[in-house]
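Colleague: Please take a close look at one part of this model for a reader who is new to it.

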Amino acid sequence: MTRNRLRWWQPPIVMAVGAVGGYYLGGVVAVALPLGIELGDPLNPKGPIIVDGFLQGGLLLAVLVSALLISRMTPAELGLCRPDLSDLGAPGWAAAAVALAGVALVSANSLSAPAQVTVLGFGVSLTLVAFCFVFAFLGPLAEEVAFRGYLYPGVRSMLPVAAAVVISGLIFGAALAYRGYPLSLLAVLAGLGICWNVLRERTDSIVPGLVLHGAMNALVLVGLTAQPGVSLATFAALLAACGLACLVRPPA
């Protein structure tokens, strides 16, 4: 799939180092900032937002440095390019349809339990903007670059397509267990990961999965925050980033 120095064992190691390092650095920064943050306080969302932001940022930075500078992958090989829809075929369209259904299911479920509204407040605040940025922009970008752009080609280099699609999708679902999601939701997310891997394989791009992932997170935020303006504005920023990625030609 790529003409570079990527080896199958590199992505899991790099991703683990980046995510774990970012997680602990975020904890240190959250406690060190003069914001009165106590990690583990369910009534103060600032700490988890900072920690998760550093986790996602560390993951993204580690993957980009390793992929672009060490493995010598190009942005197009990382999937940051215009999707080639000419070879989408029945598997690709089926994956897109299932992914849309999964996005709708997860989004609808969030609308029934707006648990964060009382924590974040009803008005627009810096905390709310940071929450939306981390959850609807940085999170989808980091996870799609890492799991679809970097991990999937590594797994694909040693396994047949079908096995690589399923295994890396299951890894994606399992990796999100740290958020404390119920098993049923993790299963849905793993299924979405499989669908987004199919789109990655058929289009040579992570953009389709990134758009669907970002849309799902933005719609979940609408339910969690009751602030559709901020949530959808963050998604618009992600769409702009996808547009920039589409300026790059797919790998030959």
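Which residues in helix H1 are buried?

Modeller: This is a predicted model, in which local features need pLDDT of at least 70 and side-chain atom pairs count only at pLDDT 80 or more, while totals for chains, interfaces and linings use all residues. Residues are numbered from 1 along each chain as its sequence is written, and side-chain values use heavy atoms, leaving out hydrogens and water.

In H1, the buried residues (under 20% relative accessible area, 1.4 Å probe, protein chains only) are Gln10, Pro11, Val14, Met15, Gly18, Ala19, Gly22, Gly26, Gly27 and Ala30. H1 itself, a DSSP run of H or I with at least four residues, covers residues 10-32. Its 23 residues reach 33 Å from first C-alpha to last, close to the 33 Å expected at 1.5 Å a residue (1.5 Å times one less than the number of residues).

The buried residues of H1 pack against H2 and H5, contact meaning heavy atoms within 4.5 Å. Those two partners also pair with each other: the axes (lines fitted to C-alpha atoms over the stretch in contact, with angles from 0 to 180 degrees between N-to-C directions) of H2 (residues 46-70) and H5 (residues 126-156) come within 9 Å and cross at roughly 30°. H2 and H5 are therefore roughly parallel, a label for angles under 35 degrees.

On another contact, H5 packs with H7 (residues 183-203) at about 70°, their axes 11 Å apart. That makes H5 roughly perpendicular to H7 (65 to 115 degrees). Among the residues that meet there are Tyr152 in H5 and Trp196 in H7.

Key
Helices (H or I, at least four residues) and strands (E, at least two) are DSSP runs, numbered from the N terminus. Angles under 35 degrees count as roughly parallel, over 145 as roughly antiparallel, 65 to 115 as roughly perpendicular and the rest as oblique. Buried means under 20% relative accessible area, exposed over 50%, partly exposed in between (1.4 Å probe, protein chains only).
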